[in-house]
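Trainee: I'd like to go through the pockets, cavities and surface of this protein with you. Could we take it step by step?

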Amino acid sequence: MRTLATLLSMSLLLAGAPDATAQAVRQTKVPWDDKFRQLDEIWPTANTYRTASGAPGHDYWQQRADYVIKIALDEKDRELTGSAAITYTNNSPDTLRYVWLNMDQNRFSEDSKYVAQRNSDGDAKESYGTLRAGYGHRDGKYGFKVKSIVDGSGNDLSYTIVDTLMRIDLPVSLPSSGQTTFTVSWSHKIVESEVYFSRGGYEHFEDDGNDIFQISQWYPRPAVYSDDGGWHQQSFMGRSEFTLQFGDFDVEITVPDDHIVASTGVLQNPDTILTDEQRARLKQAETAKAPVMIVNQQEALRNEKSKSRRSKTWHFKAENVRDFAWASSRKFQWDAQGYQTRDDRLVMAMSYYPKEASPLWDLYSTAAQIHSMDVFGDKVFPYPYPVMSSVNGQVGGMEYPMLAFNGPRPVKDKKTDEITYSRATKNALIAVVIHEAGHNWFPMIVNSDERHWTWMDEGLNTYLQFLAEQLWEDEFPSRRGEPRDIVNFMKSQNQVPIMTDGESLKNTGANAYAKPATALNILRETILGRDLFDFAFAEYARRWKFKHPTPFDFFRTMEDASGVDLDWFWHGWFYTTDHVDISIENVIHYQIDTKDPDVEMPWKRERYEGEPLSLTRERNEDIDKKVDDNPRLLDLYNQKDRFTVTNADRNKYNSSVKKLKEWESELLENEDHFTMVDFKNNGGLVMPVILELTYDNGKSEIVRIPAEVWRHNPKKFSKLLITDRKVASITLDPRWETADTDLSNNYWPSRGAESRLELFKRERRRGRNLMKDMSVELKTGDEDNGEGGRPGGAE
């Protein structure tokens, strides 16, 4: 369990309590919002498990779970039956009396919390899909059916199922450094992916009668027990993903004889499973410059028609992974290409897809995986596993170690049978393959708690996805990452802080993917610079590779490795819903007052003469004045205006100059231009202030003011700019790099917005004409029936 102090501090902060950043510190005088208060006051206290630098401590530990699994697919009944021998190693300093397991298929049970908590919008409307899924949950056939749980000697173990969790009570307590082995036997029906919000399942193809099975969350998995949370026991509600232990897997998968299986891990029995030609093609693919078809379309079509009743067993092993998934179908085409990592290891990038996915998948799936390994390997660390696979099916995008399910396909014209794909579909496939492949780094290797902190894998991975997309081709239309693309969400009401439990998020795509990805991109491009950011980000990944980091380990490492205090940034972007809206409120141009009357008086006269003539003076110009008729009233002051310089003025100036020190005289003679700019923080989020200054000669320059300028007053500040030339105009955030939500107040002089005026025709509203509608139906029915009978085709 998380410490009470940490949770209480965070709850106060997220609730917006006054000065919630530290319960012991209270501001009782003027209202004060300290945007730069140090977050160590609310972060967990560093210890020997997790250090203040963000690195694992010298006493860091984590549990381990190793598996030997045998699983069989019943294609006709769409059911899995299997057993898993699980060896659990207790590396903690604690003695454990029981072990908790994740039973995520229980989400689909009729009595699950997930089913019970689903609600409606209350608007008397429900989608067909939602209602269909609701009825599906009621039939009671889904979820794990546990057949037995026995220890290493075959003795039955007591167990208790609590929603999507199961507690196994150990007959003898498991001491620190101890191991226990137990075997769970079970079965469960496979859900239909299209019907349920599932991360796996089957997809049925009516035209050929075959299925694609994408199998995930299919076996009992020990929950995480950690130094920062004890047993992680949040039920699986479908949205937030998983928190899992590392271990080795030895898995035998029995499927129909004509199926092709894609899986986490390396195939152990290719000699008995694959043909000689398929093995030769795989060997060729290792050094190929383009994907090689291991199973081509013609061979897949033959498999589609065979419907074999025999079975065969595919044997896979995977080392040091946190999960295991697989897919099986006789529809699969299979391509592969070898990739040499930066540390000189061979990885086989492979794709599995039905004919319905060609020609799109042939071109882009494996290529996008290899591109991901290039970019992520450069920015994080080289891909450490021997295989990376992408599988097409109903699941649009879901990640597992070495394997991902990806969805986009071309479309087939029903009349011409022509297969085409749009630009959007092409880019969607490239993007989702990059994203799901990237999840191998976050969270499959840098193994954060997805169930609690969704952003730690989705946000970091989406940031790297953005980098990879931008290196795919010029102007790739990335959906997330550019600051300008997040502004509408940032100023919306439908959001919560990034540091919110995954199940409590609103607008998950923006909150957990887009906002943290954009924040990191801004941190890299605008605040730290690429070199500092890239070093610190890679250091975080290196430190926590194959370990369980928390958000605080990430925050602390980024500061430790960059050498920059970023607490203000984490506070604003991750702990609040503030947005960026900085405005230019006022601008005044100055030059040094030289005190020299021969300089200052002509300057004042020029300003006076430049003022507009008042209406009164203009209308009185042709009217005779008193002094016109009485010249004797005119004197010296009528001959000399108020800007006339006298010798007395000059003598006074010369006398005062003689008293100045040399450096004071130099400043008095300075001809630089001084511009005082007043700024206001309307959105609450403090950020660097980036200005483009354009001078009176047409030249321009960028001036960057760090975020610390807001430290003593987070609502407003004034800045004196000293320049050689006069500033003619100022643009705030000229490259749109801070996600400023209102650009209209970013200019001096101000600018009017430009857009388009749309013209339209008004259409007269008419009521339903039943006589006309029925007349059409009757005519249609006569034609359909051929004998003037009951109308047909009116549905």
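**Pockets, cavities and a surface patch**

Mentor: Gladly, and keep in mind that this is a predicted model. To start us off, α15 gives the lining of the second largest pocket its largest share, five residues.

Trainee: Which residues are closest to the centre of the second largest pocket?

Mentor: This pocket holds about 650 Å³ of space. Its lining counts 22 residues, and those closest to the centre are Q591, I592, D593, E600 and W603.

Trainee: Which elements give two or more residues to that lining?

Mentor: By class, the lining of this pocket has seven nonpolar, six polar and nine charged residues. The elements with two or more residues in it are β26, α15 (597-609), α19 (647-658) and α20 (662-668).

Trainee: β26 makes me think of the surface. Which residues make the nonpolar surface patch of about 350 Å²?

Mentor: Two elements give two or more residues to the patch: β26 (582-591) and β30 (716-723). The patch is made by I588, Y590, L720 and I722.

Trainee: Is L720, one of the patch residues, buried, partly exposed or exposed?

Mentor: L720 is found in strand β30. Its relative accessible area is 39%. Buried means under 20% and exposed means over 50%, so L720 is partly exposed.

Trainee: And the closed spaces: how much space lies in the largest cavity?

Mentor: The count comes to four cavities of 30 Å³ or more. Lining the largest cavity are 18 residues, with Q105, F108, G200, G201 and S216 nearest its centre. By class, that lining has seven nonpolar, eight polar and three charged residues. The space in the largest cavity is about 110 Å³.

Methods:
Residues are numbered from 1 along each chain as its sequence is written. This is a predicted model: local features need pLDDT of at least 70, side-chain atom pairs count only at pLDDT 80 or more; totals for chains, interfaces and linings use all residues. Side-chain values use heavy atoms; hydrogens and water are left out. Patches are made of residues with over 30% relative accessible area and no salt bridge: like charges are joined within 9 Å, nonpolar side chains (Val, Leu, Ile, Met, Phe, Trp, Tyr) within 5 Å. Accessible areas come from the Shrake-Rupley method with a 1.4 Å probe; for residues, only the protein chains shown count as cover. A salt bridge is a side-chain nitrogen of Lys or Arg within 4 Å of a carboxyl oxygen of Asp or Glu. Helices (H or I, at least four residues) and strands (E, at least two) are DSSP runs, numbered from the N terminus. Buried means under 20% relative accessible area, exposed over 50%, partly exposed in between (1.4 Å probe, protein chains only). On a 1 Å grid over the protein atoms alone, a cavity is a set of points where a 1.4 Å probe fits but cannot get out, and a pocket is an open set with protein on both sides within 12 Å along at least five of seven lines; lining residues have an atom within 4 Å of a point. Grid points are joined across faces, edges and corners, and a volume is the space filled by probe spheres set on the points. Ala, Val, Leu, Ile, Met, Phe, Trp, Tyr, Cys and Pro count as nonpolar, Asp, Glu, Lys and Arg as charged, and the others, Gly among them, as polar.
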